[in-house]
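Grab a pencil and work through these exercises with the model open next to you. Try each task yourself before reading its solution.

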Amino acid sequence: MTSAVTNYDSVENQAGTSLEKVKDLSEVIERAGFDFEVEKVPAHAPEGGELEGLFLLRRADTKAPMNIVRGRYQPVSNREMFEPFDEMVKEFGGTYENAGLVRGGRTCWLSAKLPGDIVINGDDKLEQRIVGMAHHDGMGRNSYFQYSQRVWCNNMLRSLNQASNKAGHSIRHTTKWQEHLGRARLSFNNALISGMTFHKQAETLSEMDLSKNQAECFLQNLYPVTKETSKPGITRTNNRREHVLDLFHNGIGNKGQSRWDMLNAVTEYYDHHVGNKKSSASSRFMNNMTGMGPDRYKQQAFSLLLNDKKFLTLDPERN
């Protein structure tokens with residue numbers, strides 16, 4: 001099996017609205033469709049009476065419901081949420097790229113490209129991006145995430161280390177939300193620091209050879225088969241292993257030589273070869289940012305590949 005596709009559009013571009021040449025935050029908000037308010041109104045039972053202590057979150061323009069919350073929750077506008085993000089993008093010399101609405105505005109996201117590209121092996125360039133997410137569903141906390149985009153194939157490589165995961169925090173929707181603006185700046189900085197850590201780890205992986213036998217051992221660990229696995233399950237697992245192994249050798253920018261090639265094979269598989277027909281680009285983008293869905297396999301692959309004691313011999317129990 002040989003990969004026939006030679007170029008892909010990024011998941012971010014597929015999911016979002018282009019912000020090319022925007023001049024200020026007001027233009028960002030208008031072009032992205034963020035120009036709506038969220039209101040909190042009393043929630044009612046089917047019989048008509050108010051539900052004590054419970055409120056309905058809804059868009060003020062369309063009256064579309066977002067969720068049910070308790071009294072402590074305070075709606076905050078997109079402008080207020082993204083103003084500190086805008087300030088930090090300007091401070092770090094960033095350029096707005098895309099924005100999007102998820103589930104009718106329950107989540108709004110905004111991305112910017114930052115200066116300081118990283119080059120692996122002399123010609124494998126990673127562009128650094130930052131994403132801000134504002135939630136209006138009464139559940140999520142507004143967050144900042146750093147990720148790197150491989151120029152050759154537009155793979156999304158989220159910072160997969162613990163520092164990055166801990167950086168995804170900022171402003172709570174409460175009456176004291178202003179007190180958390182400083183934490184938003186800290187989240188932004190922590191996300192960038194975690195990106196630097198990831199880039200160092202990427203360089204490490206690029207220097208670690210991965211033989212054919214080791215590649216097969218890795219795929220056994222990432223996609224194990226047990227005695228309880230059904231025959232259809234075994235077939236699906238073997239097909240997945242073969243596909244990723246092909247991308248290890250023939251994926252865009254890969255040479256089939258290093259652990260960096262294997263990480264990109266796994267990432268390319270999930271970004272561009274599976275799930276496109278089963279989920280929307282917005283869903284896949286959100287999963288990439290928050291560690292849900294297929295992104296968990298990227299994280300697992302990253303962790304396995306950094307462990308130099310693994311992939312020495314094939315395990316018959318996982319075959």
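## Warm-up: the whole chain

The protein chain holds ten helices and nine strands. Keep in mind that this is a predicted model.

**Exercise 1.** Find out what share of the protein chain counts as buried, and what supplies its exposed surface.

*Solution.* Start with the residues: of the 319 in the protein chain, 49% count as buried. Next, take the outside: the protein chain exposes about 15,400 Å², and carbon and sulfur atoms supply 49% of that area. Finally, look at contacts with a separation of 6 or more: residues 24 or more positions apart account for 64% of them in the protein chain.

## A sheet, strand by strand

**Exercise 2.** Work out how strands E2, E3 and E4 are ordered in their open sheet, and which of them are the edge strands.

*Solution.*

Step 1: take E2 (residues 38-44) and E3 (residues 50-59). These two pair in the antiparallel sense over six bridges. For one example, follow Val-41 across to its bridge partner in E3, Leu-56.

Step 2: move on to E4 (residues 65-70), which runs antiparallel to E3 and is joined to it by five bridges. Here you can spot Leu-57 opposite Asn-67 in E4, and Leu-54 opposite Arg-70 in E4.

Step 3: put the pairs together. The open sheet has three strands in the order E2-E3-E4, with antiparallel pairing. E2 and E4 each pair on one side only, so they are the edge strands. On average, neighbouring strands of this sheet are turned by 35° against each other, ignoring direction.

**Exercise 3.** Look at the two hairpins of this sheet and find which residue in each has a positive phi.

*Solution.* Begin with the hairpin of E2 and E3: five residues lie between the strands, and Gly-48 takes a positive phi near 115°. Then go to the hairpin of E3 and E4, which has five residues between its strands too. In that turn, pick out Lys-63, with a positive phi of about 65°.

## One glycine

**Exercise 4.** Locate Gly-256 and decide: is it buried or exposed?

*Solution.* First, the place: Gly-256 is in the loop between helix H7 (231-250) and helix H8 (259-273). Second, the verdict: Gly-256 counts as buried because its relative accessibility is 14%, and the cut-off for buried is under 20%. Third, the neighbours: leaving out residues up to four places away in sequence, Gly-256 touches Leu-210, Phe-248, His-249 and Asp-261. Leu-210 is 46 residues from Gly-256 in sequence, yet their C-alpha atoms are 7.8 Å apart in space.

Terms used. Residues are numbered from 1 along each chain as its sequence is written. This is a predicted model: local features need pLDDT of at least 70, side-chain atom pairs count only at pLDDT 80 or more; totals for chains, interfaces and linings use all residues. Side-chain values use heavy atoms; hydrogens and water are left out. Helices (H or I, at least four residues) and strands (E, at least two) are DSSP runs, numbered from the N terminus. Axes are lines fitted to C-alpha atoms, for helices over the stretch in contact, and angles run from 0 to 180 degrees between N-to-C directions. Buried means under 20% relative accessible area, exposed over 50%, partly exposed in between (1.4 Å probe, protein chains only). Contact means heavy atoms within 4.5 Å. Accessible areas come from the Shrake-Rupley method with a 1.4 Å probe; for residues, only the protein chains shown count as cover.
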